[in-house]
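Biologist: I would like to learn how to read a model of this kind, feature by feature. Could you give me the general idea each time, and then the case at hand?

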Amino acid sequence: MSNFSEQPEPSITKISILHEESIILGFHLTEYMIRDIILNIPVSTYVLITDSTLASLYLENLSNQFKKIASKLTLSKGNNSVPPRFISYVIPPGEQSKTRETKSEIEDFLLSQTCTRDTCIIAFGGGVIGDLCGFVAATFMRGVPFVQVPTTLLAMVDASIGGKTAVDTPHGKNLIGAFWQPKRIFIDIIYLETLSERQFTNGMAEVIKTAAIWKESDFVNLENGVASIRDAVLNPKRDVPFQETRTPSQSLLLSVIHSAAEFKAYVVTNDERESGLRGLLNFGHSIGHAIEAIMYEVLLHGECISIGMVKEAELARSLGHLNQVAVGRLIRCLESYGLPISLDDKKVREMVGDRYCSVDKLMDIMKIDKKNIGDKKRIVILSGIGKTLEQKATFVSDSCIRKVLSPAVLVNPVTSSSNLSKHITMTTPGSKSISNRVLVLSALATGTCKLKGLLHSDDTQVMLAALQNLGGAKFEWEDNGETLVVTGGGGNLKVPDKDIYLGNAGTAARFTTTICTLVSAETKTVTKTHTIVTGNARMKQRPIGPLVDALRENGSQIRYLENEGCLPLEIAPLGLHGGVINLSASISSQYVSSILLSAPYANEPVTLSLTGGQVISQPYIDMTISMMNSFGIKVERLDGDVYRIPKGCYKNPSEYIVEADASSATYPLAIAAITGIKCTLPNIGSASLQGDAAFAVKVLKPMGCEVTQTATSTIVQGPPIGSLRPLPQIDMVTMTDAFLTASVLAAVASNKGNGECITRITGVANQRVKECNRIAAMVNELSKFGVTASELPDGIQINGAKIQSLKGPEKGVKCYDDHRIAMSFSVLGCVVPNGTIILEKKCVEKTWPDWWDDLESKLGVKLDGLDIKQQHDSLVKDKTEVSRDRSLIFIGMRGVGKSTLGKIAANLLSFQFIDVDEYFETTLSTTISKFIEKQGWAAFREKEFEIFASILQKYPSGYIIACGGGIVETPSSRDLLKAYIRENGIVVHIVRDIKEIEEYLNRDSTRPAYGESILDVWKRREEWYKECSNYEFFSITADNYATDYDPSCWYTEETNFIRFLKFIIGYETNQVDNNQKDKTFFVSLTYSDLSSASQHIPTITHGVDAIELRVDLLSNNLHSGSFVDYVSKQLAFLRRLSTLPIIFTVRSQGQGGKFPDTQEKEMFFLLLQALKWGCEYVDVEICWSQDLISNLIKNKKNTKLIGSWHDVTGTAKWDGEEIRQRYRTAKEYCDIIKIVCRAESIIDNFKLQGFILSLKTDTKPIITINMGIEGQLSRILNEFLTPVTHPLLPSKAAPGQLSISEIHQALHLIGQLPKKNYYLFGTPISHSMSPTIHNTGFKTLGLPHYYDLFESENVEDVKPILEDSQFGGASVTIPHKLNIMKYLDRLSEHATIIGAVNTIIVETDSNGNRKLVGDNTDWLGMFHLIKPLVKIDSTTSGLIIGAGGTSRAALYALHQLGVSTIYMYNRTQSKISDLVSQFPTYGIIPITSLSQTLTQSPQIIISSIPATSNMEFPDEIFQFGKGVIVEMAYKPRRTNLLKKGEEKGWIGIEGIQILIEQGIHQFEKWTKRKAPRNFIKDNTLEKYNSA
Ligand SMILES: NC(=O)c1ccc[n+]([C@@H]2O[C@H](COP(=O)([O-])OP(=O)(O)OC[C@H]3O[C@@H](n4cnc5c(N)ncnc54)[C@H](O)[C@@H]3O)[C@@H](O)[C@H]2O)c1
Ligand SMILES: [Zn+2]
């Protein structure tokens, strides 16, 4: 054996696990491994199992090597031996292979290969392969030996070690498995070179986890080695010869993997079956796993536990066991390896889409952990980096976990009983500027200094690392990182052995540059001749030129390595010359501070002369000078901007307390002021140079606080709660950041007497351009509390209110991602009765990450966690939301209806409307015609552009801006529009048939004539409109609606436009609910022209949830103009016929459609157009070019993409690799997956079902179909959006397609849709129309259900029916509408308010229990019939006649319609008074006589009295002119009231119509299907008329 060696022995390390050295670690182990396996695990057959990704990379080589080495080894053994057999098996990659099915496949393979006990399995791959093959090995022939060759980082440090093997089932991950230890684990780092970055990062999570719980020194290696470690994996040096493969980076990588693997092995050895110690490995996993359970398949394990670690560390912090320094280090370390640290990370949000981890859901999932006790869960609590609170997980109460997980916080007011102490002393976060300076000073000084209160942030971190690299000083942490002990190097710096990397830390970059010039030439070595200073991409754009110029002029040699004027820099070690240095200081005071700080170490005393005019930020220069003084160097300021710095060396004071950040300090002081306690801050006082440090004296004192300040400390004693005084006028220009803190105090400041309590804060205009427009935000949020505030030109005015009158906003305070808003409002929350909800609590992380913990633990304010889900939903309605408020621009030819539609949009969004032309005329006080007459068209266009640009600038949000038709004629205006789109703005092009426009404009003479035909104008502009818009709305006949009053026609247009608008801004996307458990369908329209189909569409769409427009089947033969225009009109036409969502499909010939395969570009042009038209769904075939698909995805916004693939050849198999491949591609790109194959026999449908079962339940929605007659079963069983046909369609869209009725019938026959019985309860009911309504519906849709009458006086009689499992639902009428309630589990909101039940719905709750729900649809009948006929505004009033049961539904309907004045008449007045007291906010006005003259004559009259009553209807009630009368009685059909009203020109709605309408809603609630409305109506009326 010893003579066998072609290559040098690789150097390997062994790790022992369970007392055997079976883990082998190194580089290039292949030969070693094969030899070791053959010699030490001698068997007759070796089976290597891997996945296809790895097989293509490594299998061939492994197989060859194995065979070669095996035969060599056999030869050396002697003549008779035969070399062992080597076989391999490849499975598809990914978690979906970790199943019982794949396990059986492998076992079948082994058996077919006659493998016996004499077999060794080699699991070559990631954790999936390891877990699966380990389990195969554990049970094959009652257990065969196996070897792990982990190829992912995760598998190397975690999955391969420990002997846990398992497969997944649809019920969950890893549910079936065994403990089975591998004989060997070969960790060969070389495999990482082919691993994707995301997979590598995924594994790093476990590596970081191990270091975090176990060994601080390993953690430090990780913190400092980011660039190296990533480099070793992601930029491997492949051409390095074998012997020298270990670069320093690789060695570091090896050592961190070694540590992590070793720890896991140690834990396993000492705690193989998981009791205590092994629980530590669970750090980050308790919460991480819960996240993973929800984010399954979109986030990787490591990504979830990275977020979990952050949350669990925050939990430890909130429990007081971990300080912010440690939390910050953990977060920074995870981030630096590219791991997500929060579900709010932009990258994470993009990946997870609309999946949401609600706190309840997370808590629910965590509940399942067997190790919990009661409402306590076990979580690993860190107590420092490398340390845990216990040697096992710790019990933590649910409420603490909930608080940490919650995105929002409830601040409870302090009361006498709360544990707010009367006197608090606390230190607040350190100032960043001072922290950076003190690091430089103490490092360059002699002696040792203890730094306290240092700010821990990325910026100070890199500053520290830079000083360390320069060998300038020694740094040690004490008190768990609260104190930094610096032993200064006296300015002896050396050339660092690596680049100094400064991230994006501006201050550090500037300070370091001068420091690097101090490095002495003697420290140079052959390889290290210069110091290199560099940063991240952003840093490489930030200027440093003026500083480098000054230093170069002084003799330093500095070279720009990339861009002139920016980092990276190469600095020669020459020492700083000194003498006169000229510096231009008008750009940044940091240049000045940089030279000042290093100046004492120059060879000559420095005279620094500032040039270039105005010196900016003098206070920072003063700060530097004063701090230098504290370290023993006195700077002398000569006349003007000239400073003289003596030669010398800084001397470290024994202790230096970093001053607090003055802005942060205002919050605890304000809490003292508002709650009447005393607060002492020991690290900020009158000597501070920070402007905000004056807050206590200048703001709090005049408001009534007692303020005591020493040079370095501040004490504030607040007055008793409620006695702060307003500040009539305060200029806060020197402390602008503190204006928010002052504002919340002003909100509760009131004078002793009455009078107004106004505080006016000025001088803070700059706060409009901070994290958000802080002045506007403050006004908005304060008003939610009931505090009146308004904006001033450079400030804010606040009307103080009494504390008792304040009310925390119901939906919470919005923070606009601004830390100062969050902290200010938590100050206010300390006194607001009943608590204040603050959303986005996370935003405090910018300056005070543990603010909430401090607020609770140090300031004693009680907090609760809150999960506010609506945060995303309420975006549009809430006017304060900045981004969604973005103004919308409408363009298009004159006469297309921009103003009409614009006003509708403005109304819907509560935006304001601006017409650019009108704005032009008002601002210039002329008409456009006159302007053009005088100055010509060119001048007009120029002025128009100017005005347009200024409008965009002035009204960036909250406006609908309708442009003049010619705006696109000017190139600069076009550029403006295009830029607006690029910045995610919305520009809608309104289009209308050009002939209609011509007709319309020819009637209008008020605008200047074009002087050319409208058609020519259109032709010229058309392309411009298209390129300058990102949405297009085709308006059919807006003009007709405006002139001829046909309200319902206009209603169609308006509803359609509103749907479009809501869709494009993402408010309501009209899409099918993916999560709905019930089946959904779409019908494919196969017409070549829809205009002939209009009367069929209502029937064809019976029961379906969406309509597919098969664009490839449309044919443009009869029309002039382009195909795209034709499609656009067809779509617009379809939109008027149905409100269902539209699936826009262009099926290619290759995929079974008619669109030419050669016209890929044209196809994608159409698809992009569909996005512009606001189609809810676009079908894209995944076989097209990736670029084109990517481009589509980039532009899709709210449209959902259906990624479809059709196997037209009929060769793909549901259990084959091809379909999996297609599935993965579609899943990666699209929102919905559609795979269509061909069935040869019914078996193919079972295989299809098998495929579906193999996918996890929470995957993306998927449509899977087999074509052809044999495939019909697949159509019956498909769940989501099954394509259906209808007999009225000209042809089926695909062979084998069924109608919805056929599918229902088939489902019933195969036991998937049992028959249900529906009833009408009440009496007398024998003449009821309801059976006709519902049975027509059931029959039309092919549903097996039946609706029957159940007449009884006694409600008790219905009880057995309700309990029957076949009961499907019921209508309820007199006399049971109230007393039925006792049998129901729940009432809907409507039924509760109306106080009566007319519908019973059977529901199944989340635990599978049957629940009876009482609802009311009476009001819906009225609501939906009235709505299209009346335009309702604040002046609309209604009249209800009668005050019985039905009148309650009528009241509710009118209220829901937005009618704010409701007259009521009834013979018995007292009944009305009852209603008034039950509906106090409905605006009910009782009237005593119908002939009474009413102030707002009613436009809607509803009669809810029996038709038999002989009431007289005087003419006066029809005073409005044209209104709507609703008759609730439906016998006889034409009542006196209807007759009289219609004589007066009113529109009448008959009782029978209302009955049908409410029945339709009932039907839809029961069946979850769109009712076949037209059939129901026709049948019922026919029956009714014949009765
Ligand atoms: N048994 C345990 O104790 C344990 C512990 C942790 C995780 N796990 C299990 O591990 C599995 C996850 O393991 P994973 O993250 O390694 O995933 P994985 O096995 O699915 O591998 C991830 C992907 O990377 C590819 N890949 C693997 N090595 C590669 C290489 N060298 N070059 C290029 N591509 C490569 C794979 O083909 C796969 O597509 C999960 O099923 C999890 O339950 C088990
Ligand atoms: Zn893990």
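**Reading the model**

Modeller: Let us begin with a network of salt bridges, which links Glu95, Lys98, Asp131, Asp168 and Lys173; a salt bridge is a side-chain nitrogen of Lys or Arg within 4 Å of a carboxyl oxygen of Asp or Glu. By this rule the count comes to 62 salt bridges. The model is predicted, so local features need pLDDT of at least 70 and side-chain atom pairs count only at pLDDT 80 or more, while totals for chains, interfaces and linings use all residues. Residues are numbered from 1 along each chain as its sequence is written, chains are lettered from A and ligands numbered from 1 in the order in which they are written, and side-chain values use heavy atoms, with hydrogens and water left out.

Biologist: Which residues are the closest to ligand 1, and how many surround it?

Modeller: A residue is near a molecule if one of its heavy atoms lies within 4 Å of it. Here 25 residues surround ligand 1, and the closest are Asp51, Gly127, Thr151, Thr152 and Thr194. By class, this shell has eight nonpolar, nine polar and eight charged residues, where Ala, Val, Leu, Ile, Met, Phe, Trp, Tyr, Cys and Pro count as nonpolar, Asp, Glu, Lys and Arg as charged, and the others, Gly among them, as polar.

Biologist: What polar contacts does the side chain of Thr152 make with ligand 1, and what of Asp131?

Modeller: A polar contact is a pair of N or O atoms within 3.5 Å; within protein, one must be able to donate a hydrogen and the other to accept it, and residues adjacent in sequence count only if both atoms are side-chain atoms. An N or O atom in the side chain of Thr152 is 2.6 Å from an oxygen atom of ligand 1. Asp131, a member of the salt-bridge network above, has a side-chain N or O atom 2.9 Å from a nitrogen atom of the ligand. From Ala159 it is a backbone N or O atom that lies 3.4 Å from a nitrogen atom of ligand 1. Taken alone, ligand 1 exposes 860 Å², and the protein buries 87% of that; such areas come from the Shrake-Rupley method with a 1.4 Å probe, and for residues only the protein chains shown count as cover. The elements that give two or more residues to the shell are α2 (52-77), α4 (127-139), α5 (153-159), β8 (172-179) and α6 (197-214), helices (H or I, at least four residues) and strands (E, at least two) being DSSP runs numbered from the N terminus.

Biologist: How should I read a salt bridge such as that of Glu969 and Arg1020?

Modeller: Look at the distance, and then at the parts that are joined. The side chains of Glu969 and Arg1020 meet with N to O at 2.6 Å. Glu969 lies in the loop between β39 (959-962) and α31 (971-982), and Arg1020 in helix α33 (residues 1014-1027), so the pair ties together parts that are 51 residues apart in sequence. Glu969 counts as buried because its relative accessibility is 19%, the term meaning under 20% relative accessible area, with exposed over 50% and partly exposed in between (1.4 Å probe, protein chains only). Arg1020, at 33%, is partly exposed.

Biologist: Where do Arg1534 and Glu1550 lie?

Modeller: Arg1534 forms a salt bridge with Glu1550, the closest N and O atoms being 2.9 Å apart. Arg1534 is in the loop between β60 and α50, and Glu1550 in the loop between β61 (1547-1549) and α51 (1551-1567), so parts 16 residues apart in sequence are tied together. Glu1550 is buried, with a relative accessible area of 9%, whereas Arg1534, at 32%, is partly exposed.

Biologist: Which backbone features deserve a second look?

Modeller: Most residues other than glycine have a negative phi, and most peptide bonds are trans. Arg142, although not a glycine, has a positive phi of about 60°; Arg142 is found in the loop between α4 and β6 (146-150) and counts as exposed because its relative accessibility is 75%. A cis peptide bond, with omega about -5°, joins Thr1323 and Pro1324, and Pro1324 is in the loop between β50 (1317-1322) and α44 (1330-1340). Another cis peptide bond joins Lys1531 and Pro1532, with omega about -10°.

Biologist: How many residues of helix α1 are buried?

Modeller: Eight of the eleven residues of α1 (residues 30-40) are buried, among them Tyr32, Met33 and Arg35.
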